[in-house]
Amino acid sequence: MDVFFYIAAVVAIISTVMAISGRNAIHSLLYLILSLLAISVIFYLLSAPFIAALEVIIYAGAIMVLFIFVTMMLNIGLEREAEKKWLKPRMWIIPSILAVVLLVNLILALKNIKTISSDKEAILPKQVGISLFSTYLLGVEIAAILLMAGVIGAYHLGSQKKKVKHRFLEIK
Amino acid sequence: MKYAFIIAGVLFIALTIAAGLIWVERRLLSVWQDRLGPNRVGPFGLLQVVADTIKLFFKEDWVPPFSDRPVFVLAPGILMVTILLTFAVVPFGPDFYVFDSNIGILFFLGNSSLGVYSIVLGGWASNNKYSLIGAMRASAQMLTYEVFMGLSLMGVVMMADSFSFCKIVETQKGGWFFIPQFIGFIVFFIAGIAETHRLPFDIPEAEGELIAGYHSEYSGMKFGMFFVGEYLGITLISALISTLFFGGWLGPSFLPPVFWFLFKTFFFICVFILLRASLPRPRYDQLMELGWKILLPLSLLNLLITGAILIFLK
(Lines give C-alpha, C1' and ligand atoms only; values in the text may rest on other atoms or scores of the structure.)
Protein backbone atom coordinates (compact mmCIF):
# COMPACT_ATOMS: atom_id res chain seq x y z
CA MET A 1 0.00 0.00 0.00
CA ASP A 2 2.85 2.37 0.88
CA VAL A 3 4.29 2.04 -2.62
CA PHE A 4 1.02 3.25 -4.17
CA PHE A 5 0.96 6.16 -1.75
CA TYR A 6 4.46 7.27 -2.69
CA ILE A 7 3.74 6.94 -6.43
CA ALA A 8 0.57 9.03 -6.10
CA ALA A 9 2.33 11.58 -3.88
CA VAL A 10 5.22 12.02 -6.32
CA VAL A 11 2.78 12.40 -9.24
CA ALA A 12 0.80 14.97 -7.25
CA ILE A 13 3.88 17.03 -6.37
CA ILE A 14 5.39 16.96 -9.86
CA SER A 15 2.12 17.83 -11.56
CA THR A 16 1.44 20.65 -9.11
CA VAL A 17 4.89 22.13 -9.74
CA MET A 18 4.27 21.86 -13.49
CA ALA A 19 0.87 23.52 -13.05
CA ILE A 20 2.43 26.50 -11.28
CA SER A 21 5.46 26.91 -13.51
CA GLY A 22 3.88 26.32 -16.93
CA ARG A 23 3.25 29.25 -19.25
CA ASN A 24 0.49 27.67 -21.35
CA ALA A 25 -2.73 28.14 -19.36
CA ILE A 26 -4.51 25.03 -20.66
CA HIS A 27 -1.47 22.80 -20.08
CA SER A 28 -1.22 24.12 -16.52
CA LEU A 29 -4.87 23.31 -15.96
CA LEU A 30 -4.32 19.78 -17.27
CA TYR A 31 -1.48 19.30 -14.77
CA LEU A 32 -3.75 20.61 -12.03
CA ILE A 33 -6.39 18.01 -12.99
CA LEU A 34 -3.72 15.32 -12.84
CA SER A 35 -2.70 16.53 -9.39
CA LEU A 36 -6.32 16.37 -8.19
CA LEU A 37 -6.62 12.81 -9.52
CA ALA A 38 -3.43 11.84 -7.67
CA ILE A 39 -4.82 13.34 -4.45
CA SER A 40 -7.99 11.34 -4.97
CA VAL A 41 -5.88 8.17 -5.14
CA ILE A 42 -4.29 9.16 -1.83
CA PHE A 43 -7.72 9.62 -0.25
CA TYR A 44 -8.68 6.17 -1.51
CA LEU A 45 -5.57 4.64 0.03
CA LEU A 46 -6.39 6.35 3.33
CA SER A 47 -9.65 4.31 3.28
CA ALA A 48 -11.91 7.20 2.38
CA PRO A 49 -13.37 6.00 -0.96
CA PHE A 50 -16.35 8.36 -0.79
CA ILE A 51 -14.19 11.48 -0.52
CA ALA A 52 -11.95 10.11 -3.29
CA ALA A 53 -14.95 9.78 -5.62
CA LEU A 54 -16.23 13.24 -4.72
CA GLU A 55 -12.79 14.71 -5.38
CA VAL A 56 -12.93 13.32 -8.92
CA ILE A 57 -16.56 14.23 -9.59
CA ILE A 58 -16.58 17.73 -8.13
CA TYR A 59 -13.03 19.08 -8.39
CA ALA A 60 -11.56 17.28 -11.39
CA GLY A 61 -14.86 16.78 -13.21
CA ALA A 62 -16.89 19.92 -12.63
CA ILE A 63 -14.86 22.84 -11.31
CA MET A 64 -11.86 22.31 -13.57
CA VAL A 65 -14.15 22.00 -16.62
CA LEU A 66 -15.43 25.48 -15.79
CA PHE A 67 -11.83 26.75 -15.51
CA ILE A 68 -11.00 25.26 -18.91
CA PHE A 69 -14.24 26.64 -20.33
CA VAL A 70 -13.36 30.18 -19.25
CA THR A 71 -9.76 29.83 -20.46
CA MET A 72 -11.04 28.68 -23.84
CA MET A 73 -13.53 31.55 -24.05
CA LEU A 74 -10.88 34.17 -23.29
CA ASN A 75 -8.35 32.38 -25.53
CA ILE A 76 -5.42 33.06 -23.19
CA GLY A 77 -3.62 29.85 -24.02
CA LEU A 78 -0.43 31.21 -25.52
CA GLU A 79 0.29 34.70 -24.19
CA ARG A 80 3.89 33.95 -23.31
CA GLU A 81 5.41 37.35 -23.95
CA ALA A 82 2.96 39.28 -21.81
CA GLU A 83 3.36 36.94 -18.89
CA LYS A 84 7.15 37.23 -19.04
CA LYS A 85 6.77 40.95 -18.59
CA TRP A 86 4.44 40.62 -15.61
CA LEU A 87 6.46 38.07 -13.71
CA LYS A 88 9.93 39.41 -12.98
CA PRO A 89 12.32 37.17 -10.99
CA ARG A 90 12.54 39.79 -8.26
CA MET A 91 8.88 39.24 -7.41
CA TRP A 92 9.61 35.70 -6.28
CA ILE A 93 11.95 36.65 -3.41
CA ILE A 94 9.54 37.55 -0.62
CA PRO A 95 6.95 34.83 -1.38
CA SER A 96 9.76 32.23 -1.45
CA ILE A 97 11.11 33.33 1.94
CA LEU A 98 7.62 33.21 3.44
CA ALA A 99 7.00 29.79 1.89
CA VAL A 100 10.26 28.44 3.34
CA VAL A 101 9.23 29.70 6.80
CA LEU A 102 5.89 27.90 6.42
CA LEU A 103 7.64 24.72 5.23
CA VAL A 104 9.95 24.66 8.27
CA ASN A 105 6.91 25.24 10.48
CA LEU A 106 5.07 22.36 8.80
CA ILE A 107 8.00 19.95 9.10
CA LEU A 108 8.42 20.76 12.81
CA ALA A 109 4.69 20.26 13.34
CA LEU A 110 4.65 16.96 11.45
CA LYS A 111 7.50 15.57 13.57
CA ASN A 112 5.26 15.43 16.61
CA ILE A 113 2.13 14.09 14.93
CA LYS A 114 1.06 10.46 15.12
CA THR A 115 1.19 8.68 11.76
CA ILE A 116 -2.10 7.72 10.16
CA SER A 117 -2.13 4.10 9.14
CA SER A 118 -3.79 3.20 5.86
CA ASP A 119 -5.08 -0.17 7.09
CA LYS A 120 -8.13 1.26 8.80
CA GLU A 121 -11.58 0.07 7.88
CA ALA A 122 -13.00 1.99 4.93
CA ILE A 123 -15.36 4.85 5.74
CA LEU A 124 -18.45 4.18 3.67
CA PRO A 125 -20.75 6.80 2.12
CA LYS A 126 -23.43 6.00 4.69
CA GLN A 127 -21.20 6.91 7.64
CA VAL A 128 -20.18 10.15 5.93
CA GLY A 129 -23.85 11.03 5.39
CA ILE A 130 -24.83 10.22 8.97
CA SER A 131 -22.04 12.32 10.47
CA LEU A 132 -22.77 15.18 8.04
CA PHE A 133 -26.41 15.33 9.08
CA SER A 134 -25.85 14.90 12.81
CA THR A 135 -22.49 16.18 14.07
CA TYR A 136 -21.77 18.67 11.30
CA LEU A 137 -25.35 19.76 10.57
CA LEU A 138 -24.52 23.41 11.20
CA GLY A 139 -21.79 23.38 8.54
CA VAL A 140 -24.16 21.78 6.02
CA GLU A 141 -26.80 24.43 6.73
CA ILE A 142 -24.29 27.26 6.34
CA ALA A 143 -23.10 25.81 3.01
CA ALA A 144 -26.73 25.55 1.91
CA ILE A 145 -27.34 29.22 2.73
CA LEU A 146 -24.21 30.16 0.77
CA LEU A 147 -25.42 28.18 -2.24
CA MET A 148 -28.87 29.77 -1.94
CA ALA A 149 -27.23 33.20 -2.12
CA GLY A 150 -25.44 32.05 -5.25
CA VAL A 151 -28.68 30.84 -6.82
CA ILE A 152 -30.45 34.12 -6.05
CA GLY A 153 -27.52 36.09 -7.47
CA ALA A 154 -27.52 33.99 -10.64
CA TYR A 155 -31.27 34.50 -10.98
CA HIS A 156 -30.86 38.25 -10.58
CA LEU A 157 -28.15 38.39 -13.27
CA GLY A 158 -30.03 36.08 -15.61
CA SER A 159 -33.45 37.68 -15.32
CA GLN A 160 -32.27 40.99 -16.82
CA LYS A 161 -32.26 39.72 -20.38
CA LYS A 162 -35.50 39.74 -22.34
CA LYS A 163 -36.22 36.57 -24.21
CA VAL A 164 -36.03 36.87 -27.98
CA LYS A 165 -37.31 34.02 -30.15
CA HIS A 166 -35.01 34.77 -33.07
CA ARG A 167 -33.20 37.89 -34.19
CA PHE A 168 -35.39 38.17 -37.30
CA LEU A 169 -38.62 37.68 -35.36
CA GLU A 170 -37.83 40.46 -32.89
CA ILE A 171 -40.55 43.12 -32.66
CA LYS A 172 -38.99 46.55 -32.48
CA MET B 1 -5.83 -15.69 -13.41
CA LYS B 2 -9.63 -15.53 -13.17
CA TYR B 3 -9.37 -11.74 -13.05
CA ALA B 4 -7.36 -11.65 -16.26
CA PHE B 5 -10.02 -13.72 -18.04
CA ILE B 6 -12.84 -11.50 -16.80
CA ILE B 7 -11.03 -8.29 -17.74
CA ALA B 8 -10.24 -9.68 -21.19
CA GLY B 9 -13.84 -10.87 -21.55
CA VAL B 10 -15.34 -7.53 -20.56
CA LEU B 11 -13.00 -5.62 -22.87
CA PHE B 12 -13.72 -8.04 -25.73
CA ILE B 13 -17.50 -7.84 -25.31
CA ALA B 14 -17.53 -4.04 -24.94
CA LEU B 15 -15.28 -3.37 -27.93
CA THR B 16 -16.96 -5.95 -30.18
CA ILE B 17 -20.42 -4.61 -29.39
CA ALA B 18 -19.25 -1.04 -29.96
CA ALA B 19 -17.69 -1.87 -33.33
CA GLY B 20 -20.58 -4.10 -34.37
CA LEU B 21 -23.01 -1.33 -33.52
CA ILE B 22 -21.75 0.73 -36.44
CA TRP B 23 -23.17 -1.92 -38.77
CA VAL B 24 -26.30 -2.48 -36.62
CA GLU B 25 -27.07 1.21 -36.57
CA ARG B 26 -26.72 1.64 -40.32
CA ARG B 27 -28.88 -1.40 -41.04
CA LEU B 28 -31.58 -0.43 -38.53
CA LEU B 29 -31.68 3.17 -39.76
CA SER B 30 -32.15 1.87 -43.29
CA VAL B 31 -35.00 -0.40 -42.20
CA TRP B 32 -36.77 2.54 -40.59
CA GLN B 33 -36.14 4.73 -43.62
CA ASP B 34 -37.33 2.06 -46.06
CA ARG B 35 -34.01 1.24 -47.75
CA LEU B 36 -31.42 -1.54 -47.53
CA GLY B 37 -28.27 -0.09 -46.00
CA PRO B 38 -24.81 -1.69 -46.24
CA ASN B 39 -25.35 -5.22 -47.63
CA ARG B 40 -22.44 -5.79 -50.05
CA VAL B 41 -19.43 -6.74 -47.89
CA GLY B 42 -19.80 -10.30 -46.61
CA PRO B 43 -23.12 -11.94 -45.60
CA PHE B 44 -25.76 -9.24 -44.84
CA GLY B 45 -22.95 -6.67 -45.07
CA LEU B 46 -21.54 -7.96 -41.76
CA LEU B 47 -17.96 -7.38 -42.81
CA GLN B 48 -18.66 -3.68 -43.41
CA VAL B 49 -17.16 -2.88 -39.98
CA VAL B 50 -13.95 -4.73 -40.84
CA ALA B 51 -13.72 -2.88 -44.14
CA ASP B 52 -14.29 0.45 -42.37
CA THR B 53 -11.63 -0.32 -39.78
CA ILE B 54 -9.08 -1.27 -42.43
CA LYS B 55 -9.90 1.95 -44.27
CA LEU B 56 -9.41 4.01 -41.09
CA PHE B 57 -6.05 2.33 -40.38
CA PHE B 58 -4.71 3.05 -43.85
CA LYS B 59 -5.84 6.66 -43.94
CA GLU B 60 -3.26 9.37 -43.43
CA ASP B 61 -3.16 10.27 -39.75
CA TRP B 62 -2.78 14.01 -40.08
CA VAL B 63 -2.05 16.27 -37.12
CA PRO B 64 -2.70 19.86 -38.18
CA PRO B 65 0.45 22.04 -37.80
CA PHE B 66 -1.61 24.82 -36.17
CA SER B 67 -2.94 22.50 -33.46
CA ASP B 68 -1.68 22.03 -29.91
CA ARG B 69 -0.02 18.71 -30.66
CA PRO B 70 0.21 16.92 -27.25
CA VAL B 71 -3.34 17.82 -26.25
CA PHE B 72 -4.63 16.98 -29.74
CA VAL B 73 -3.16 13.46 -29.49
CA LEU B 74 -4.26 12.97 -25.88
CA ALA B 75 -7.93 13.92 -26.35
CA PRO B 76 -9.35 10.82 -28.13
CA GLY B 77 -7.55 8.56 -25.66
CA ILE B 78 -9.27 10.16 -22.66
CA LEU B 79 -12.69 9.26 -24.09
CA MET B 80 -11.82 5.60 -24.60
CA VAL B 81 -10.11 5.23 -21.20
CA THR B 82 -12.91 6.81 -19.17
CA ILE B 83 -15.65 4.76 -20.84
CA LEU B 84 -13.76 1.45 -20.77
CA LEU B 85 -12.86 1.99 -17.09
CA THR B 86 -16.53 2.36 -16.23
CA PHE B 87 -17.26 -1.09 -17.70
CA ALA B 88 -15.19 -2.45 -14.80
CA VAL B 89 -18.00 -1.84 -12.29
CA VAL B 90 -20.88 -3.04 -14.51
CA PRO B 91 -21.99 -6.55 -13.50
CA PHE B 92 -22.51 -8.67 -16.62
CA GLY B 93 -23.68 -11.64 -14.54
CA PRO B 94 -23.78 -12.88 -10.93
CA ASP B 95 -20.02 -13.60 -10.96
CA PHE B 96 -19.05 -11.78 -14.11
CA TYR B 97 -17.71 -8.37 -13.11
CA VAL B 98 -14.22 -6.93 -12.77
CA PHE B 99 -14.70 -5.39 -9.34
CA ASP B 100 -17.67 -4.64 -7.16
CA SER B 101 -17.05 -1.36 -5.42
CA ASN B 102 -19.15 0.23 -2.69
CA ILE B 103 -18.78 3.50 -4.61
CA GLY B 104 -19.76 1.97 -7.97
CA ILE B 105 -22.23 4.65 -9.09
CA LEU B 106 -19.87 7.41 -7.98
CA PHE B 107 -17.09 5.72 -9.97
CA PHE B 108 -19.30 5.87 -13.06
CA LEU B 109 -20.24 9.52 -12.44
CA GLY B 110 -16.59 10.47 -11.90
CA ASN B 111 -15.53 8.79 -15.11
CA SER B 112 -18.33 10.34 -17.09
CA SER B 113 -17.41 13.79 -15.80
CA LEU B 114 -13.77 13.20 -16.78
CA GLY B 115 -14.97 12.15 -20.24
CA VAL B 116 -16.01 15.76 -20.89
CA TYR B 117 -12.33 16.70 -21.17
CA SER B 118 -11.87 14.53 -24.22
CA ILE B 119 -14.34 16.56 -26.26
CA VAL B 120 -13.49 19.95 -24.79
CA LEU B 121 -9.74 19.48 -25.24
CA GLY B 122 -10.13 17.91 -28.67
CA GLY B 123 -12.11 20.91 -29.85
CA TRP B 124 -9.75 23.41 -28.26
CA ALA B 125 -6.54 21.76 -29.48
CA SER B 126 -7.82 21.69 -33.07
CA ASN B 127 -7.43 25.48 -33.08
CA ASN B 128 -10.35 25.87 -35.44
CA LYS B 129 -13.36 28.05 -34.76
CA TYR B 130 -15.97 25.43 -35.60
CA SER B 131 -14.25 22.92 -33.34
CA LEU B 132 -14.03 25.51 -30.58
CA ILE B 133 -17.75 26.28 -30.82
CA GLY B 134 -18.44 22.55 -30.68
CA ALA B 135 -16.21 22.17 -27.62
CA MET B 136 -17.95 25.01 -25.82
CA ARG B 137 -21.37 23.61 -26.56
CA ALA B 138 -20.17 20.19 -25.39
CA SER B 139 -18.78 21.46 -22.10
CA ALA B 140 -21.93 23.42 -21.26
CA GLN B 141 -24.24 20.59 -22.33
CA MET B 142 -22.38 17.85 -20.50
CA LEU B 143 -21.89 19.87 -17.31
CA THR B 144 -25.61 20.64 -17.25
CA TYR B 145 -26.77 17.09 -17.85
CA GLU B 146 -24.23 15.60 -15.44
CA VAL B 147 -25.91 17.39 -12.54
CA PHE B 148 -29.21 15.58 -12.76
CA MET B 149 -27.76 12.42 -14.22
CA GLY B 150 -26.32 11.98 -10.72
CA LEU B 151 -29.46 13.22 -8.98
CA SER B 152 -31.74 10.90 -10.95
CA LEU B 153 -29.75 7.89 -9.74
CA MET B 154 -30.04 8.84 -6.06
CA GLY B 155 -33.58 7.43 -5.92
CA VAL B 156 -32.21 4.03 -6.95
CA VAL B 157 -29.39 4.38 -4.42
CA MET B 158 -31.88 5.13 -1.64
CA MET B 159 -34.04 2.14 -2.53
CA ALA B 160 -31.09 -0.25 -2.77
CA ASP B 161 -29.36 1.35 0.23
CA SER B 162 -26.00 1.13 -1.57
CA PHE B 163 -23.85 2.61 -4.33
CA SER B 164 -22.72 -0.85 -5.42
CA PHE B 165 -24.08 -2.12 -8.75
CA CYS B 166 -24.19 -5.75 -7.59
CA LYS B 167 -26.21 -4.83 -4.51
CA ILE B 168 -28.59 -2.78 -6.66
CA VAL B 169 -29.21 -5.76 -8.95
CA GLU B 170 -29.71 -8.06 -5.96
CA THR B 171 -32.36 -5.75 -4.43
CA GLN B 172 -34.29 -5.75 -7.69
CA LYS B 173 -35.21 -9.40 -7.17
CA GLY B 174 -38.35 -8.07 -5.47
CA GLY B 175 -39.27 -5.93 -8.48
CA TRP B 176 -37.46 -3.89 -11.07
CA PHE B 177 -36.78 -0.27 -10.18
CA PHE B 178 -38.23 1.27 -13.31
CA ILE B 179 -41.75 1.13 -11.81
CA PRO B 180 -41.11 2.97 -8.51
CA GLN B 181 -38.36 5.09 -10.09
CA PHE B 182 -40.07 5.91 -13.37
CA ILE B 183 -39.18 9.63 -13.24
CA GLY B 184 -35.60 8.74 -12.38
CA PHE B 185 -35.49 6.36 -15.34
CA ILE B 186 -36.78 8.99 -17.81
CA VAL B 187 -34.40 11.68 -16.52
CA PHE B 188 -31.44 9.29 -16.58
CA PHE B 189 -32.27 8.19 -20.11
CA ILE B 190 -32.46 11.76 -21.44
CA ALA B 191 -29.30 12.74 -19.55
CA GLY B 192 -27.59 9.65 -20.93
CA ILE B 193 -28.38 10.69 -24.51
CA ALA B 194 -27.00 14.15 -23.78
CA GLU B 195 -23.87 12.76 -22.10
CA THR B 196 -23.05 10.59 -25.10
CA HIS B 197 -24.02 13.56 -27.33
CA ARG B 198 -26.09 11.31 -29.54
CA LEU B 199 -28.86 12.47 -31.79
CA PRO B 200 -31.17 14.26 -31.05
CA PHE B 201 -28.72 15.96 -28.64
CA ASP B 202 -25.68 15.91 -30.94
CA ILE B 203 -25.41 19.68 -30.72
CA PRO B 204 -21.59 19.68 -30.18
CA GLU B 205 -21.04 18.02 -33.55
CA ALA B 206 -24.16 19.18 -35.49
CA GLU B 207 -22.78 18.48 -38.94
CA GLY B 208 -25.22 20.88 -40.60
CA GLU B 209 -23.87 23.94 -38.81
CA LEU B 210 -20.49 22.98 -37.30
CA ILE B 211 -19.15 20.43 -39.84
CA ALA B 212 -18.65 17.72 -37.18
CA GLY B 213 -17.72 20.27 -34.49
CA TYR B 214 -15.08 19.11 -32.07
CA HIS B 215 -13.64 16.34 -34.26
CA SER B 216 -13.58 18.02 -37.67
CA GLU B 217 -9.74 18.18 -37.67
CA TYR B 218 -9.30 14.53 -36.67
CA SER B 219 -8.44 11.86 -39.21
CA GLY B 220 -7.38 8.22 -39.32
CA MET B 221 -7.58 6.17 -36.14
CA LYS B 222 -7.82 9.27 -33.91
CA PHE B 223 -11.16 9.98 -35.54
CA GLY B 224 -11.89 6.25 -35.24
CA MET B 225 -11.46 6.47 -31.47
CA PHE B 226 -13.99 9.30 -31.22
CA PHE B 227 -16.30 7.30 -33.47
CA VAL B 228 -16.02 4.02 -31.55
CA GLY B 229 -16.05 5.99 -28.28
CA GLU B 230 -19.51 7.27 -29.13
CA TYR B 231 -20.80 3.73 -29.65
CA LEU B 232 -19.03 2.58 -26.47
CA GLY B 233 -20.86 5.39 -24.69
CA ILE B 234 -24.20 4.16 -26.03
CA THR B 235 -23.39 0.62 -24.94
CA LEU B 236 -22.40 1.85 -21.48
CA ILE B 237 -25.53 3.95 -20.95
CA SER B 238 -27.74 1.08 -22.18
CA ALA B 239 -25.94 -1.37 -19.89
CA LEU B 240 -26.41 1.00 -16.96
CA ILE B 241 -30.10 1.55 -17.71
CA SER B 242 -30.68 -2.19 -17.75
CA THR B 243 -28.60 -2.67 -14.58
CA LEU B 244 -30.10 0.15 -12.55
CA PHE B 245 -33.73 0.13 -13.66
CA PHE B 246 -34.44 -3.18 -15.40
CA GLY B 247 -32.86 -5.76 -13.11
CA GLY B 248 -29.54 -6.25 -14.88
CA TRP B 249 -28.86 -9.96 -15.23
CA LEU B 250 -32.10 -10.98 -13.49
CA GLY B 251 -34.56 -12.92 -15.63
CA PRO B 252 -36.26 -16.30 -16.12
CA SER B 253 -33.76 -19.07 -15.42
CA PHE B 254 -34.08 -21.06 -18.67
CA LEU B 255 -31.36 -18.84 -20.15
CA PRO B 256 -28.05 -17.81 -18.51
CA PRO B 257 -28.01 -14.44 -16.65
CA VAL B 258 -25.40 -12.98 -19.01
CA PHE B 259 -27.84 -13.48 -21.87
CA TRP B 260 -30.57 -11.48 -20.11
CA PHE B 261 -28.14 -8.68 -19.40
CA LEU B 262 -26.97 -8.52 -23.01
CA PHE B 263 -30.56 -8.81 -24.29
CA LYS B 264 -31.77 -5.85 -22.20
CA THR B 265 -28.71 -3.82 -23.13
CA PHE B 266 -29.26 -4.51 -26.82
CA PHE B 267 -32.90 -3.49 -26.51
CA PHE B 268 -31.91 -0.07 -25.16
CA ILE B 269 -29.23 0.32 -27.82
CA CYS B 270 -31.99 -0.16 -30.41
CA VAL B 271 -34.08 2.51 -28.64
CA PHE B 272 -31.09 4.87 -28.93
CA ILE B 273 -30.92 4.18 -32.66
CA LEU B 274 -34.69 4.59 -33.08
CA LEU B 275 -34.44 8.00 -31.40
CA ARG B 276 -31.80 8.97 -33.95
CA ALA B 277 -34.05 7.86 -36.78
CA SER B 278 -37.13 9.70 -35.58
CA LEU B 279 -36.33 12.94 -33.72
CA PRO B 280 -35.10 16.32 -34.99
CA ARG B 281 -32.27 18.16 -33.24
CA PRO B 282 -33.41 20.86 -30.78
CA ARG B 283 -31.82 24.30 -30.69
CA TYR B 284 -29.05 24.91 -28.18
CA ASP B 285 -31.07 27.18 -25.86
CA GLN B 286 -33.99 24.74 -25.98
CA LEU B 287 -31.67 21.98 -24.77
CA MET B 288 -30.45 24.13 -21.87
CA GLU B 289 -34.00 25.14 -20.97
CA LEU B 290 -35.18 21.53 -20.97
CA GLY B 291 -32.30 20.67 -18.67
CA TRP B 292 -32.46 23.39 -16.06
CA LYS B 293 -36.19 24.16 -16.05
CA ILE B 294 -37.78 20.72 -16.43
CA LEU B 295 -35.37 17.87 -15.77
CA LEU B 296 -33.54 19.34 -12.74
CA PRO B 297 -36.75 20.15 -10.77
CA LEU B 298 -38.17 16.75 -11.79
CA SER B 299 -35.17 14.85 -10.47
CA LEU B 300 -35.13 16.89 -7.24
CA LEU B 301 -38.85 16.18 -6.79
CA ASN B 302 -38.22 12.49 -7.41
CA LEU B 303 -35.49 12.53 -4.77
CA LEU B 304 -37.78 14.22 -2.24
CA ILE B 305 -40.77 11.91 -2.85
CA THR B 306 -38.67 8.74 -2.80
CA GLY B 307 -37.05 9.80 0.48
CA ALA B 308 -40.37 10.67 2.05
CA ILE B 309 -42.00 7.37 1.05
CA LEU B 310 -39.01 5.33 2.24
CA ILE B 311 -39.07 7.05 5.65
CA PHE B 312 -42.84 6.58 5.85
CA LEU B 313 -42.56 2.86 5.11
CA LYS B 314 -39.81 2.25 7.68
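Colleague: Are α2(A) and α3(A) roughly parallel or roughly antiparallel?
Modeller: In this predicted model, α2 (residues 25–45) and α3 (residues 49–74) of chain A are helices, that is, DSSP runs of H or I with at least four residues, numbered from the N terminus, whereas strands are runs of E with at least two. Their axes come within 8 Å and cross at roughly 175°, where axes are lines fitted to C-alpha atoms, for helices over the stretch in contact, and angles run from 0 to 180 degrees between N-to-C directions. Angles under 35 degrees count as roughly parallel, over 145 as roughly antiparallel, 65 to 115 as roughly perpendicular and the rest as oblique. The crossing angle therefore makes α2(A) and α3(A) roughly antiparallel.

Colleague: What pLDDT do local features need in this model?
Modeller: Residues are numbered from 1 along each chain as its sequence is written, while chains are lettered from A and ligands numbered from 1 in the order in which they are written. The model is predicted, with totals for chains, interfaces and linings using all residues, side-chain atom pairs counting only at pLDDT 80 or more, and local features needing a pLDDT of at least 70.

Colleague: How many nonpolar residues has the contact of α2(A) with α3(A)?
Modeller: Two residues are in contact if their C-beta atoms, placed from the backbone, lie within 7 Å. Residues of α2(A) in this contact include A:L29, A:L36 and A:F43, and those of α3(A) include A:V56, A:Y59 and A:F67. Ala, Val, Leu, Ile, Met, Phe, Trp, Tyr, Cys and Pro count as nonpolar, Asp, Glu, Lys and Arg as charged, and the others, Gly among them, as polar. By class, the contact of α2(A) with α3(A) has one charged residue, two polar and, as nonpolar residues, 19.

Colleague: Which residue in the loop between α2 and α3 of chain A has a positive phi although it is not a glycine?
Modeller: The residue in question is partly exposed, with 18 other C-beta atoms within 10 Å; a residue is buried at 20 or more such atoms, exposed at 12 or fewer, and partly exposed in between, with C-beta atoms placed from the backbone. Its phi is about 55°. It lies in the loop between α2 and α3 and is A:S47.

Colleague: What percentage of the residues of chain A count as buried?
Modeller: Chain A has seven helices and zero strands. Of its contacts between residues at least 6 apart in sequence, 60% join residues at least 24 apart. Of the 172 residues of chain A, the buried share is 16%.

Colleague: Which element gives the most to the side of chain B that touches chain A?
Modeller: Here 18 residues of chain B are in contact with 15 residues of chain A. Two elements of chain B give two or more residues to this side, α4 (104–125) and α5 (129–160). By class, the side has 14 nonpolar, four polar and no charged residues. With nine residues, the element that gives the most is α4(B).

Colleague: Which residues of chain A does B:V120 contact, leaving aside its neighbours within four places in sequence?
Modeller: B:V120 is, with A:A53 and B:I241, among the residues that touch the most other members of the largest nonpolar core, which has 105 residues. Such a core is a set of buried Ala, Val, Leu, Ile, Met, Phe, Trp, Tyr and Cys residues joined through C-beta atoms within 7 Å. B:V120 is in contact with B:A135, B:A138 and B:S139 and, in chain A, with A:V65 and A:I68.

Colleague: Does α5(B) pass α7(B) in a left-handed or a right-handed crossing?
Modeller: The axes of α5(B) and α7 (residues 182–195) come within 8 Å and cross at roughly 150°, which makes the two helices roughly antiparallel. A crossing is left-handed if the near helix is turned anticlockwise from the far one by less than a right angle, and right-handed if clockwise. The crossing of α5(B) with α7(B) is left-handed.

Colleague: Are α5(B) and α11(B) roughly parallel or roughly antiparallel?
Modeller: The axes of α5(B) and α11 (residues 284–313) of chain B are 9 Å apart, at an angle of about 15°. Their contact divides into 16 nonpolar, nine polar and one charged residue. The angle therefore makes α5(B) and α11(B) roughly parallel.

Colleague: Is B:N127 buried or partly exposed?
Modeller: B:N127 is found in the loop between α4 and α5 of chain B, and its phi is near 55°, a positive value in a residue other than glycine. With 17 C-beta neighbours inside 10 Å, B:N127 counts as partly exposed.
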